[in-house]
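Here are my notes for you on this structure. Keep the viewer open as you read, and look up each residue as it comes along.

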Amino acid sequence: MITGEIKNRIDSIWDTFWTGGITNSITILEQMTYLFFMKMLDDAQRTSEANANAFGIKVKDPVFKEGEWHNPDTDRDVPYSSMRWHVFKNLEPEAMFRVVSRDAFSFIKNLNEGKESAYSRFMQNATFLIQSPRTLTRIVESIDNLDMNNRDTMGDVYEYILGKMAASGNNGQFRTPRHIIRMMVELMQPTLKDSVCDPAMGSAGFIVETAKYVQDKYKNDLLKRENAEHYKREMLHGFDTDATMLRIGAMNLMLHGVDNPDVKYQDSLSTDNTDADRYTLVLANPPFTGSLDYEAVNKNLLAIAKTKKTELLFLALFTRILETGGRCASIVPDGVLFGNSNAHKAIRKTLIDNHRLEAVISMPSGVFKPYAGVSTAILIFTKTNAGGTDKVWFYDMKADGFSLDDKRNPIEENDIPDIITRFHNKEGEENRTRKEQSFFVPVEEIRANDYDLSINKYKEIEKVKVEYEAPEVVLGRIETLQNEITAAIAEFKEKFLN
């Protein structure tokens with residue numbers, strides 16, 4: 001758990017960036033990530049060196065070797081030792097700035113080997129934007145006390161920074177609320193046998209939360225070598241078209257103990273993505289808007305839903321990349337549930353008739369505030385290629401533990417624990433009525449309603465008859481009150497004005 005002291009240190013670093021002229025939240029996080037990586041590399045090697053010295057052996061494949069490294073950006077040789085955090089942190093501000101901006105940064109940009117590749121392979125177009133030696137010195141001093149070997153603490157630190165990025169109001173669309181991600185992971189209950197994918201990963205929130213769930217749930221099983229190898233290298237997959245978010249996501253994963261996941265640059269909707277029947281679980285919040293190169297969209301997806309709407313194309317993608325029996329939980333805008341275009345109807349028909357649609361969880365419009373007031377839902381389905389939808393479970397979420405205004409302050413009302421409990425206890429849902437918060441709807445009724453999946457189409461609203469008093473009774477009370485007021489005024493005049 002992140003302490004108040006660490007929060008204060010991160011807040012101080014954030015403020016230092018602002019006073020140093022860097023005010024864009026995603027840029028701040030990106031620059032902090034570079035420095036985190038520099039310290040992580042040195043901390044890890046120092047730990048390895050200490051262990052090696054204890055056994056009288058040499059460190060195998062050190063990142064910082066003996067001798068000199070050739071900097072391709074400046075065409076000069078520099079000592080490996082000079083680029084290590086514990087060395088340059090003690091330099092004077094001007095000297096530190098030269099080493100970090102000119103040599104250490106170039107070193108991590110060109111580091112493309114070993115376990116660091118998950119992060120470093122996205123560094124090609126990275127730019128070091130800290131311009132002031134004084135600003136850099138203050139930031140390095142603040143970061144220096146963070147233990148990069150403590151992945152639990154550093155994972156919490158990074159999530160706190162991601163929260164600050166969202167709270168700043170800039171680029172908040174990159175971050176799905178953490179408690180919503182956690183709810184979706186707990187609904188799907190990933191196991192060590194799963195191969196999990198988020199084709200629009202952003203800062204890797206779904207992959208990180210999956211990793212944390214598996215680490216907690218299967219702690220003892222992860223001690224087995226084959227399970228550990230699958231978890232580290234084959235279980236987690238994420239793609240994005242934003243190199244900055246890939247760097248941030250890869251660092252997020254590293255700090256949660258996932259050193260080399262399958263994270264890469266890829267336009268998941270394009271013809272370049274050839275994945276099919278590959279994953280057992282998809283967890284995602286795909287983009288609802290944004291630019292789309294329609295000509296580059298994979299024709300297999302357009303065959304399912306001929307549209308330019310990314311939210312529909314991603315649902316089509318999920319049905320392709322999942323293996324038979326694979327499951328999906330995805331956030332969608334409400335329009336997906338009831339839109340009457342041919343593409344909207346086609347994707348709903350596909351999920352219901354060709355696969356097994358299990359649940360529609362309607363979320364309140366304030367979940368993504370203050371960045372967007374759009375109403376959203378979570379669709380949960382299993383790929384079967386043979387139908388199987390007999391009934392669909394609907395849940396009307398009214399509260400998520402936070403106020404639904406722009407402030408999003410914590411409140412007591414929270415349906416999330418109830419959603420998880422009811423979802424995993426479907427037999428207890430059989431006898432619920434349409435007046436309750438959750439209920440089943442048979443597939444025949446959904447088909448009869450043109451495959452409409454909006455909960456209000458099926459929810460029964462209980463109308464309470466209100467009995468009002470007769471008009472003459474209300475008028476009599478008004479006249480009585482008026483007479484009392486008139487008498488009080490007369491008494492006041494007689495007593496004080498005569």
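The points below go from the whole chain to its cores, then to one helix and one serine.

1. Please keep in mind that this is a predicted model. The protein chain has 498 residues, and 51% of them are buried. Its secondary structure comes to 18 helices and 13 strands, and the C-alpha trace spans about 100 × 80 × 45 Å along its principal axes.

2. How do contacts link up the sequence? If you take contacts between residues at least 6 apart in sequence, 73% join residues at least 24 apart.

3. Now for the surface and the charges. The accessible surface of the chain comes to about 24100 Å², and carbon and sulfur atoms account for 48% of it. There are 62 positive and 74 negative side chains, and the centres of these two sets lie 2 Å apart.

4. Next, look at the largest nonpolar core, which holds 104 residues; Phe36 and Met183 touch the most other members. Helix H2 (residues 25–55) gives the largest share of this core, 11 residues. Another core, of 43 residues, lies apart from it, with Leu313, Val332, Ile347 and Phe394 among its members.

5. Phe36 deserves a closer look. Leaving out residues up to four places away in sequence, Phe36 touches Ile143, Leu146, Met148, Met154, Val157, Tyr158, Ile161, Met251 and Leu255. One of these partners, Ile143, is a buried residue of helix H6, so try selecting that helix next.

6. Why can we call helix H6 (residues 133–143) largely enclosed by the rest of the structure? Eight of its 11 residues are buried, so the description fits. Those buried residues are Pro133, Thr135, Leu136, Thr137, Ile139, Val140, Ser142 and Ile143. They pack against helix H1 (4–19), H2, helix H3 (85–88) and helix H4 (93–109). At the N-terminal end of H6, serine 132 acts as a cap: one of its side-chain oxygens lies 3.2 Å from the backbone nitrogen of arginine 134.

7. Finally, is serine 438 buried or exposed? Serine 438 has a relative accessible area of 0%, and because buried means under 20%, this serine counts as buried. You will find serine 438 in strand S13 (residues 438–442). Its side chain makes a polar contact of 2.4 Å with the side chain of glutamate 429. Beyond residues up to four places away in sequence, serine 438 touches Trp393, Phe394, Tyr395, Arg422, Glu429, Arg432 and Thr433. Among these neighbours, Phe394 is a member of the core of 43 residues.

Terms used:
Residues are numbered from 1 along each chain as its sequence is written. This is a predicted model: local features need pLDDT of at least 70, side-chain atom pairs count only at pLDDT 80 or more; totals for chains, interfaces and linings use all residues. Side-chain values use heavy atoms; hydrogens and water are left out. Helices (H or I, at least four residues) and strands (E, at least two) are DSSP runs, numbered from the N terminus. Buried means under 20% relative accessible area, exposed over 50%, partly exposed in between (1.4 Å probe, protein chains only). A polar contact is a pair of N or O atoms within 3.5 Å; within protein, one must be able to donate a hydrogen and the other to accept it, and residues adjacent in sequence count only if both atoms are side-chain atoms. Contact means heavy atoms within 4.5 Å. Accessible areas come from the Shrake-Rupley method with a 1.4 Å probe; for residues, only the protein chains shown count as cover. Lys and Arg count as positive and Asp and Glu as negative; His and the chain ends are not counted. The place of a charge is taken as NZ of Lys, CZ of Arg, CG of Asp or CD of Glu. A nonpolar core is a set of buried Ala, Val, Leu, Ile, Met, Phe, Trp, Tyr and Cys residues joined through side-chain atoms within 4.5 Å.
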